[in-house]
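Subject: A structure for you to explore

Hi there,

Here is the structure I promised to hand over. Please open it next to this email, and then read on for what turned up.

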Amino acid sequence: MLGMTCAQAMGLAMVKASRENDRTRAPALTASVGALGIVFGDIGTSPLYALRESLASERGAGLVSADVLGVLSLVFWVLILIISVKYIAFVMRADNRGEGGILALMALAIAPERQRRRTRTVIYLSWLGLFGTAMFFGDGVITPAISVLSAVEGIEVATPVLEPFVVPFTLVILTALFAFQRSGTGRVGALFGPIMILWFAILAALGLLSIIAHPGVLVAANPALAVEFFARNGSHSILVLGSLFLVITGGEALYADMGHFGARPIRRSWFAIALPALLLNYFGQGALVIANPAAIENPFFRLAPRWALFPLVVVATVATIIASQAVISGISSLAMQAVQLGYSPRLKIIHTSARAVGQIYIPAMNWGLYIAVIGTVLGFQSSTNLASAYGVAVTATMVITTVLLYRVARDRWRWSAIAAGALIAGFLAIDLTFFGANLLKIDSGGWFPLCVGGLVYLIYSTWKRGRAILRAKLRATALPLETLLADFADAAPTRVPGIAFFLTSNPHGVPSALLHSLKHMKVLHETIVLLTISTRQVPRVRKNRLMVKHFSHGFHRVSAHFGFMEAPDIPHILKLCAAYGIIAAPHTSTFILGREALIPSRRLGMARWRKRLFARMSQNATSAAAYFGLPANRVVEIGAQIEF
């Protein structure tokens with residue numbers, strides 16, 4: 001199962017009550033089992049295809065045991081150095097108030113004083129994190145396709161006559177999986193851990209039986225065999241590295257999922273269950289291939305006795321569905337965070353659980369991803385073809401993670417430049433080697449995730465830049481509130497009973513919707529609240545949620561702050577306002593919103609074609625009323641044309 005980068009992931013399908021309650025009450029064993037179901041779904045299903053693809057060029061009579069042992073040695077040390085050392089030991093130390101993932105890491109890398117100054121470093125780090133996030137979407141499209149395809153392909157081993165049905169079966173399974181998202185993932189989430197325990201037990205048992213028959217394969221733990229493999233194969237070993245990266249699919253997910261279970265349960269599950277089972281299975285596949293080179297066509301399923309093939313296909317398919325579910329939920333969570341941080345237009349977000357923050361359903365994202373995944377299956381047809389497309393985008397994300405980690409080590413951990421530089425240099429050497437090896441895949445399909453990631457980056461960067469241009473224009477022309485209130489002393493408008501909330505992104509001036517309302521209707525409510533909702537570079541805001549400033553003539557300015565893992569909650573804001581003397585309820589308040597009709601111009605700031613793209617996205621974005629869940633019969637929208 002292919003890996004996720006972010007975060008972003010950062011919100012995968014498990015029930016996610018508040019960290020204060022879950023972390024203290026849930027037994028350590030329960031958390032560790034839960035981590036198996038979500039965190040290790042990707043890397044746990046990689047034995048279905050990883051070793052097969054790594055040895056693909058050595059099939060047939062040219063396959064020699066020395067090369068198999070060399071590849072196994074690489075598998076062993078890649079799992080140790082990248083997963084165990086880089087991610088488990090170091091990257092997971094960089095937690096943003098318990099949360100992980102590339103967006104959380106980006107926020108950590110940008111020190112608070114830099115955030116306020118908006119220095120060049122802040123800009124570079126922000127765009128770097130955004131690029132890594134976009135690359136996650138690129139490989140996220142491939143993930144469900146290759147995982148389910150590789151499992152269903154097991155029926156070819158059981159009976160070749162079913163080969164024509166592999167793609168149709170895969171399409172049916174994927175369609176059911178995406179259709180299920182609307183119901184929420186809570187019920188399935190409870191089964192994730194136990195099923196994955198069974199899966200890892202099967203991995204270990206199949207591998208151990210093969211190792212017992214050919215124990216000499218254990219010598220592959222010697223790193224000298226990996227060095228000899230490179231010396232013997234020369235440039236060909238670079239091609240093997242490109243396929244070998246499939247072994248560590250899901251490495252970024254270990255960090256991204258930290259907010260669900262905590263670092264300790266993830267580490268415990270990795271070293272106690274996942275890592276031993278993976279190594280046993282890979283070594284078992286290697287032993288089988290040495291004894292029978294023809295088994296390289298599908299070494300995982302050939303480990304099993306013939307009578308167990310169909311049950312194994314069923315269990316493998318369920319395991320890949322679980323891993324695919326995690327990726328789908330992760331993409332939804334990342335999409336929500338992009339909306340919160342201002343990189344994406346507003347999307348309709350449905351919370352499928354009243355208790356679990358991480359369980360969300362975004363219809364546009366779900367069905368857009370479904371179309372992309374189905375198109376990927378139809379276009380590539382097999383897991384082997386998809387393996388050639390995977391790796392370029394996610395290795396770029398791994399490089400970005402390492403770069404951001406350097407800033408965290410320097411600014412947050414207070415490491416010296418020498419210590420931080422030595423650690424990062426070692427990680428970069430490995431990451432860049434894999435990145436270079438995967439660049440060779442561009443012609444054979446690696447262009448596909450790069451195109452998807454590039455499209456996402458274009459959309460997110462255009463929206464971010466467009467909003468900045470629009471915000472600057474509105475602020476430059478905004479009337480100061482003090483000036484408006486001073487005018488009331490000479491000609492106060494008619495006031496009517498009630499309270500009106502004007503939602504505005506500008507925490508300083510008067511929203512244009514208020515001026516238009518005053519101009520055309522000549523009246524104002526007795527109480528006026530100028531409400532600004534902003535997202536901070538932290539997962540959750542624990543204190544100082546609300547900042548309230550009172551003015552004359554019944555005016556109040558309220559700034560509500562949320563973290564990038566939180567959904568803005570208007571009813572909760574209204575409850576908090578009561579402590580400041582602002583008594584309001586959703587069903588009795590009036591919410592007045594501005595809706596801009598954007599007219600692209602030739603002015604500087606952004607290319608005109610990007611301005612047109614921004615205007616189209618703004619036009620199709622979910623309305624603020626629907627996004628914030630405001631009562632439809634209490635909302636008034638006032639439109640205005642803005643040239644930018």
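Which residues of strand 6 lie on one side, which lie on the other, and are they buried or exposed? On one side you will find Phe555, Arg557, Ser559, His561 and Gly563, on the other His556, Val558, Ala560 and Phe562, and all of them are buried. Before going further, please keep in mind that this is a predicted model.

Strand 6 covers residues 555-563, and 9 of its 9 residues are buried, so the strand is largely enclosed by the rest of the structure. Two other strands pair with strand 6. Strand 4 (residues 523-536) does so in the parallel sense, over 9 bridges, and here isoleucine 533 stands opposite alanine 560. Strand 5 (residues 546-550) runs antiparallel to strand 6, with 5 bridges; in this pair, valine 548 faces valine 558. Strands 5 and 6 also make a hairpin with 4 residues between them, and histidine 553 in the turn has a positive phi of about 60°.

Next, have a look at the second largest pocket. Its volume is about 670 Å³. The lining consists of 25 residues, and Ala364, Met365, Leu455, Val456 and Ile459 lie nearest the centre. By class, 19 of the lining residues are nonpolar, 4 are polar and 2 are charged. Which helix gives the largest share of this lining? That is helix 23, with 6 residues. Helices that each supply at least two lining residues include helix 8 (120-152), helix 18 (309-340) and helix 19 (363-380). Helix 23 (447-477) and helix 27 (608-620) belong to that list too.

Glycine 284 is a good residue to zoom in on. You will find glycine 284 in helix 16 (residues 263-291). Is glycine 284 buried or exposed? Its relative accessibility is 0%, so glycine 284 counts as buried. Leaving aside neighbours within four places in sequence, glycine 284 is in contact with Gly207, Ser210, Ile211 and Leu303. The C-alpha atom of isoleucine 212 is 8.7 Å from that of glycine 284, although the two residues are 72 places apart along the chain.

Finally, a word on the cysteines. How many disulfides are there? The count comes to 0. Two cysteines are worth finding on your screen: cysteine 451 is partly exposed, with a relative accessible area of 48%, whereas cysteine 577 is buried, at 0%.

Enjoy exploring!

Best wishes

How values were computed: Residues numbered from 1 in each chain as written. Predicted model: local features only at pLDDT ≥ 70, side-chain atom pairs only at ≥ 80, totals over all residues. Heavy atoms only, no water. Disulfide = S-S within 2.5 Å. Buried < 20%, exposed > 50% of the residue type's maximum accessible area, 1.4 Å probe, protein only. 1 Å grid on protein atoms, 1.4 Å probe; cavity = no way out; pocket = protein on both sides within 12 Å on 5 of 7 lines; lining within 4 Å. Points joined across faces, edges and corners; volume = space filled by probe spheres on them. Nonpolar A, V, L, I, M, F, W, Y, C, P; charged D, E, K, R; others polar. Pairing = 2+ DSSP bridges. Contact = heavy atoms within 4.5 Å.
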